[in-house]
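Reader: I should like to learn how to read a protein model step by step. May we take one and work through its features together?

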Amino acid sequence: MTVCEYKPGLEGIPATQSAISHVDGQLGILEYRGIRVEDLAQYSTFLETAYLLIWGGLPNQNELDHFQYEIRNHRRLKYRIRDMMKCFPEGGHPMDALQACAAALGLFYSKRALDNPAYIQNAVVRLLAKIPTMVAAFQLMRKGNDPVQPRDDLDYAGNFLYMLNEREPDPLAARIFDICLTLHAEHTINASTFSAMVTASTLTDPYAVVASAVGTLAGPLHGGANEEVINMLEEIGTVENVRPYIDRCIQEKHRIMGFGHRVYKVKDPRATILQKLAEQLFEKFGGDEYYAIALELEHVVTERLGGKGVYPNVDFYSGLVYRKLGIPTDLFTPVFAIARVAGWLAHWKEQLGENRIFRPTQIYTGSHNQSYIPMADRLQIWDKQPLAGRV
Ligand code: ACO
């Protein structure tokens, strides 16, 4: 076996072969199953795109109708899951609630049959159907209200906004939310997808796969950045404050949220579409005070860090869209998860097709041949060296 160079974060190291999506980070191109994301955003719907990602091709009308019908039929949550959610602390983060709920599905559907296509189909349908209901239910329950039951006459995006806001959404708002889901559905081997694949490679159940991916998506360097962007715009407060804020971040080596990407070295194509969607919403429902700050931020960051390939990523404008749709800031990442479950499931299915358990190697940097120190002697040694300084 050849000894490979260690690359922190596995940068540039292929972890799998995949036919699901492709990113060209220099040209700013994203394709799902070979179709440009711009075309899917314009002509497709989230559920059709999910079908494309998971089953490998666009569905015909019958297949799509059947898939949508199945998902509508599985939107409701078992009362035991709702009871479990009632015990969650209302101050807890919705991503933690979602991770717990996704994992709990494994308790209810515990008969694992990974070689049975019907089992795969059912798991896909259940996860796509129930995750939006879980996110909306937690939002209402933490305010002390009963969850709103899903409505069969509403489509996927419209039903989620209805369950969240307890009123039927405006058709433009529902369509724009559906496009947001399409844009977030898949993005090659990012951190949460890799996490899903590692978990999948042990042949555990798909609910554990999704729960592990949700936990990974929650971090501020990944899906959690969309929430941090709004907090940052709030902190900056005015257009005049943008330049000093960026200067300070650069000087103190702080990351500017919603900018930069491991793969894209130009503006993320999803950010371009999301910016247009935000503008459509502002035109119909009124502007957002943060938009001018966001524009100035993009201008200044591009000027200062564009040379390093740091441009807006998907998380930069998505928060402005979600705010206008009435989605609370700490639900931005759960909403990302609602969409990305399609990509995670596509990779889960692909992984099962040619599975080999992930078991990378490491470069050991610790010591050897240390003697076991008796407790009495150990205390004397540690007393001289505080815990924080121990190696
Ligand atoms: N703010 C300031 N400088 C940045 C940023 C940023 N957001 N992103 C990258 N840079 C700089 C780095 O400091 C580095 O400069 P240097 O070469 O002088 O040290 C250079 O650009 C290259 O950056 P890397 O650290 O090599 O980029 P990496 O691929 O490791 O990081 C990441 C990618 C984690 C996304 C990073 O850009 C970041 O932290 N962004 C902010 C958080 C964020 O928006 N995350 C969402 C990403 S999209 C998603 O996950 C859905």
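Reader: Let us begin with a single residue: does Thr 188 count as buried or exposed?

Author: The model before us is predicted. Burial is judged from relative accessible area, and a residue under 20% counts as buried. Thr 188 has a relative accessibility of 19%, so Thr 188 counts as buried.

Reader: Where is Thr 188 placed along the chain, and what is its phi?

Author: Thr 188 sits in the loop that links helix H8 (171–184) to helix H9 (191–200). The phi of Thr 188 is near 45°, which is a positive value in a residue other than glycine.

Reader: What can be said of Leu 203, its phi and its accessibility?

Author: Leu 203 also has a positive phi, near 65°, and is likewise a residue other than glycine. Leu 203 belongs to the loop between H9 and helix H10 (206–217). With a relative accessible area of 41%, Leu 203 is partly exposed.

Reader: How does one read a buried charged residue, and which side chain of opposite charge is nearest to Glu 48?

Author: One asks whether a partner of opposite charge lies within the salt-bridge limit of 4 Å. Glu 48 is buried and has no salt bridge; Arg 175, the nearest side chain of opposite charge, is 8.5 Å away. Glu 48 is part of helix H2 (residues 46–55). Setting aside residues up to four places away in sequence, Glu 48 touches Leu 58, Pro 59 and Leu 64.

Reader: How should I read a sheet, and what is the order of its strands here?

Author: One looks at the order of the strands and at the direction of their pairing. Here an open sheet of three strands has the order S1-S2-S3, and the pairing is antiparallel. Strand S1 (21–24) and strand S3 (35–36) are the edge strands, each pairing on one side only. S1 and strand S2 (residues 29–32) run antiparallel and are joined by four bridges. Within S2, Glu 31 stands opposite His 22.

Reader: Let us turn to the division of the chain. Which domains are there, and how far apart are their centres?

Author: The chain is divided into domain 1 (8–224 + 328–353) and domain 2 (236–323). Taken over C-alpha atoms, their centres are separated by 25 Å. The contact between them takes 30 residues from domain 1 and 23 residues from domain 2.

Reader: Which residues of the largest nonpolar core touch the most other members?

Author: That core has 122 residues, and those touching the most other members are Phe 46, Leu 128, Phe 177, Ile 327 and Trp 348. Helix H6 (residues 117–142) gives the most to the core, namely 16 residues. Both domain 1 and domain 2 give residues to this core, so the core lies between them.

Reader: Which residues does Ile 327 touch?

Author: Not counting residues up to four places away in sequence, Ile 327 touches Leu 161, Leu 164, Phe 177, Tyr 322, Phe 332 and Val 335.

Reader: Finally, how far apart in sequence and in space are Thr 329 and Ile 230?

Author: Position in sequence and position in space should be read side by side. Thr 329 and Ile 230 are 99 residues apart in sequence, and 7.4 Å apart in space from C-alpha to C-alpha. Thr 329 lies in the loop between helix H15 (314–324) and helix H16 (332–353). Leaving aside neighbours within four places in sequence, Thr 329 is in contact with Glu 227, Ile 230 and Asn 231. Thr 329 is partly exposed, with a relative accessible area of 25%.

How values were computed:
Residues are numbered from 1 along each chain as its sequence is written. This is a predicted model: local features need pLDDT of at least 70, side-chain atom pairs count only at pLDDT 80 or more; totals for chains, interfaces and linings use all residues. Side-chain values use heavy atoms; hydrogens and water are left out. Helices (H or I, at least four residues) and strands (E, at least two) are DSSP runs, numbered from the N terminus. Buried means under 20% relative accessible area, exposed over 50%, partly exposed in between (1.4 Å probe, protein chains only). Lys and Arg count as positive and Asp and Glu as negative; His and the chain ends are not counted. Contact means heavy atoms within 4.5 Å. A nonpolar core is a set of buried Ala, Val, Leu, Ile, Met, Phe, Trp, Tyr and Cys residues joined through side-chain atoms within 4.5 Å. Domain bounds come from an automatic or database domain assignment. Two strands pair if DSSP finds at least two bridges between them.
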